[in-house]
Amino acid sequence: MRKRRGNQPRAYSLSCTDSEWGRVRVLAERRGLSISRYMVECGLTVDPETEPAPPPRLVLDEAEQRALHDTVFRIAERTAKAGTEEAVLTRIRNALSFLAEETMRTMLRDGLGEELRGMLTDLFGEQVAEATVERLRARMTPESSHLR
């Protein structure tokens, strides 16, 4: 008489790389399962009739390429106009000077004159700091002190 196998487990083999096996081990441990049980459960949740999702596109179509080019071109036009290196450096110096002066004026308007004076003293010395604060105060008209 033959024995009936019934629900007794059977052994099957599969092939994978060491790194894939390591990944499966980690995922099984996270779920508190043996590797064998994890792989069976994963295999049973896959519908072999379903087509896999298409891979993401890695290229742009013609319209997307043109839009990207136009955007980059507009950014380049606004950041540095064609000209000599000296002209570009002058624009950068002027922009930084404007930002620094506006920041110092804001500090004075916000009542942080002593903090500003301390920072300027640390950087340039007491005489330059005092002259700078006085120059800023003289250039700040009553109308400009409330404008933002």
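## Helix 1 and helix 2

The axes of helix 1 (residues 18–31) and helix 2 (residues 35–44) approach within 9 Å and cross at roughly 90°. Angles of 65 to 115 degrees count as roughly perpendicular, so helix 1 is roughly perpendicular to helix 2. The model that shows this crossing is a predicted one.

On the helix 1 side, the residues that meet helix 2 are Trp-21, Val-24, Arg-25, Leu-27, Ala-28 and Arg-31. Helix 2 contributes Ile-35, Tyr-38, Met-39 and Cys-42. By class, the residues of this contact divide into eight nonpolar, no polar and two charged.

## Overall make-up

The protein has seven helices and zero strands. Its pattern along the sequence is accordingly written α-α-α-α-α-α-α.

Of the 148 residues, 14% count as buried. The protein exposes about 13,200 Å², and carbon and sulfur atoms supply 58% of that area. Among contacts between residues at least 6 apart in sequence, 34% join residues at least 24 apart.

## Helix 4 and helix 6

A second crossing involves helix 4 (residues 85–109) and helix 6 (residues 126–139), whose axes come within 10 Å and cross at roughly 80°. This angle makes helix 4 roughly perpendicular to helix 6.

Helix 4 makes the contact through Glu-101, Met-104, Arg-105 and Leu-108. From helix 6 come Thr-132, Val-133, Arg-135, Leu-136, Arg-137 and Arg-139. The residues of the contact of helix 4 with helix 6 divide into four nonpolar, one polar and five charged. For the contact of helix 1 with helix 2, the corresponding division is eight nonpolar, no polar and two charged.

## The largest nonpolar core

The largest nonpolar core has nine residues in all: Met-104, Met-107, Leu-108, Leu-116, Leu-120, Ala-129, Val-133, Leu-136 and Met-140. Helix 4, helix 5 (113–124) and helix 6 each supply at least two residues of this core. Met-104 and Leu-108 of helix 4 belong to the core and also take part in the contact with helix 6. On the helix 6 side, Val-133 and Leu-136 are likewise core residues and part of the contact with helix 4.

Met-107 is another member of the core. Leaving aside neighbours within four places in sequence, Met-107 is in contact with Leu-112, Gly-113, Glu-115, Leu-116 and Met-119. One of these partners, Leu-116, is itself listed in the core.

How values were computed
Residues numbered from 1 in each chain as written. Predicted model: local features only at pLDDT ≥ 70, side-chain atom pairs only at ≥ 80, totals over all residues. Heavy atoms only, no water. Axes fitted to C-alpha atoms, helices over the stretch in contact; angles between N-to-C directions. Helix = DSSP H or I, 4+ residues; strand = E, 2+ residues; numbered from the N terminus. Parallel < 35°, antiparallel > 145°, perpendicular 65-115°, else oblique. Contact = heavy atoms within 4.5 Å. Nonpolar A, V, L, I, M, F, W, Y, C, P; charged D, E, K, R; others polar. Core = buried A, V, L, I, M, F, W, Y, C linked by side-chain atoms within 4.5 Å. Buried < 20%, exposed > 50% of the residue type's maximum accessible area, 1.4 Å probe, protein only. Areas by Shrake-Rupley, 256 points an atom, 1.4 Å probe, with all protein chains shown as cover.
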